[in-house]
Amino acid sequence: MKRFLVLWTGQFISAIGGGLTSFGLLVYVFQKTGSAAGMALVTLLGFLPTLLLSVPAGALADRYDRRLMMMIGDGCSGLGILFILINMMNGDVTLTTICIGVFISAVFSSLLEPAYKATVSDLLTEEEYSKASGLISLAGSARYLISPVIAGIVLSFANVSVLLVIDICTFILTVISTFVVRKGIAKKNTEKEESIIVSIKEGFTSLKNNRGVFLLVVVASVLTLFIGAFQILAEPLVLSIADAKTLGITETICASGMLVSSLYLGIRGIKKGYVKVLCLSLSFAGVFIFGFGQFERIPLIIASGFAFFLMLPFANNCLDYLVRVNTPVEIQGRIWGIVGFLSQIGYVISYGISGLLADNIAKMKGISVGRGAGSVMKIAGVMLIIVSIVTYFIKDIKQLEETND
């Protein structure tokens, strides 16, 4: 657990740095273009490499040193941010430049996630998984909880390049923390005769043969389609009625809901009823997405956003646990890579269409882009509720928990 906490600290710092860059670039793009689609494009290109490369990255995590992969992924992802920064300093930054830099950064970051999740299984016992998942959710929430308020304040007196410099500096600290953990773990003999392709096929076969986990991943992919709409459209919705500083404060207060539930899970964990908690938390999340899209006053938007983020760690914790305890440790690198790929396809679709839908609805109805975004979010909220309820009655998913009682 001590080594896990060192590793977790590095990822916590990395999340803050990444959140600063993400917030700053999205605000910059919206201010320059006034389009939700432009923001969605940047988000999509930052996410797409992680999705497409997650499967081979997972296979590599089972064959080679997982901690070394994390160091390479974290360290080299700074190159894309550096590319954007250099162009900003030269006055040559454009939407295309930002997209290229974000894409480069995301390519290297794709090495990180499967290796990180598999490393957690290397370090901890099964009894510690739930608490670790809560802490991982807490680290992930830093980009929403801490980064926005810092970025909003910095942007009130400086430009986005300052945020990029801070992010680049955080890469050094995260690489160091991973190196410290790596030294404390005996290197495994991971040499294998089969090719990467064969290794990936084995992972797909293992996942397919576990019908409950496979169906859970399919459901997760559908759920991310609707959650992705919230992630893409929340910022243009708020920016249409407020400035960047207000947006930063709003995001931070909303994300504090994730802090509350992540801290609870990190201390107490979940003991039983994982499928029930999963479906309830996602159903309530759908209700609060609807509320976020419905309201036009900042206090009501904040209340809905806070409640939405309060639900996410419970859902993530349950998904993580159900997959982890039903998967052999020795193949978890490739399994997490495949799970990451399949479960997040919904994000790609959502990132690709949500911004365009919001812009087109606004144009057709003669309303602001923010109200167009609100309309799309309300539809997404209703659909999330429906899918969550259906999931509870899928027998194979419920059996995942019964198998480990």
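Me: Helices here are DSSP runs of H or I with at least four residues, numbered from the N terminus. With that in hand for this predicted model, in which helix do Arg 324 and Asp 320 both lie?

Reply: Happy to start there. Arg 324 and Asp 320 form a salt bridge, with their closest N and O atoms 3.1 Å apart, and both residues are buried. They sit 4 residues apart, about one turn of the helix, and that helix is α13.

Me: How many salt bridges does a search of the whole structure find?

Reply: Side chains of opposite charge can pair when their charged atoms come close. One such pair is Asp 396 with Arg 211, at 2.7 Å from N to O; it links distant parts of the chain, helix α17 and helix α10. Searching the whole structure gives a salt-bridge count of 3.

Me: Is Arg 371 buried or exposed?

Reply: Its partner is a good place to begin: Glu 296 and Arg 371 meet in a salt bridge at 3.9 Å, N to O. Glu 296 is in the loop between α12 and α13 while Arg 371 is in helix α16, so the pair ties together parts 75 residues apart in sequence. Glu 296 counts as exposed because its relative accessibility is 53%. The relative accessible area of Arg 371 is 18%, and under 20% means buried.

Me: How many disulfides are there by the rule used here?

Reply: Let's look at two cysteines on the way. Cys 76 has a relative accessible area of 26%, so it is partly exposed, whereas Cys 254 is buried at 3%. By the distance rule, the disulfide count is 0.

Me: Which helix gives the most to the largest nonpolar core?

Reply: In soluble globular proteins, nonpolar side chains tend to be buried together. The largest nonpolar core here has 89 residues, and Phe 230, Phe 292 and Phe 308 are among those with the most contacts inside it. The leading contributor, with 15 residues, is helix α10.

Me: How far apart in space are Ile 301 and Gly 291, C-alpha to C-alpha?

Reply: Ile 301 is in helix α13 and counts as buried because its relative accessibility is 0%. Beyond its sequence neighbours, it is in contact with residues including Cys 254, Phe 292 and Glu 296. Gly 291 is 10 residues away from Ile 301 in sequence, and the C-alpha distance is 7.4 Å.

Me: Which helix gives the most to the nonpolar patch?

Reply: The surface patch includes Phe 290, Ile 379 and Met 383, and its residues together have about 500 Å² of accessible area. Phe 290 lies in helix α12 and is partly exposed because its relative accessibility is 34%. Supplying 5 residues, the main contributor is helix α16.

Definitions and conventions:
Residues are numbered from 1 along each chain as its sequence is written. This is a predicted model: local features need pLDDT of at least 70, side-chain atom pairs count only at pLDDT 80 or more; totals for chains, interfaces and linings use all residues. Side-chain values use heavy atoms; hydrogens and water are left out. Patches are made of residues with over 30% relative accessible area and no salt bridge: like charges are joined within 9 Å, nonpolar side chains (Val, Leu, Ile, Met, Phe, Trp, Tyr) within 5 Å. Accessible areas come from the Shrake-Rupley method with a 1.4 Å probe; for residues, only the protein chains shown count as cover. A salt bridge is a side-chain nitrogen of Lys or Arg within 4 Å of a carboxyl oxygen of Asp or Glu. Helices (H or I, at least four residues) and strands (E, at least two) are DSSP runs, numbered from the N terminus. Buried means under 20% relative accessible area, exposed over 50%, partly exposed in between (1.4 Å probe, protein chains only). Contact means heavy atoms within 4.5 Å. A disulfide is a pair of cysteine sulfur atoms within 2.5 Å. A nonpolar core is a set of buried Ala, Val, Leu, Ile, Met, Phe, Trp, Tyr and Cys residues joined through side-chain atoms within 4.5 Å. Lists of a residue's contacts leave out its neighbours within four places in sequence.
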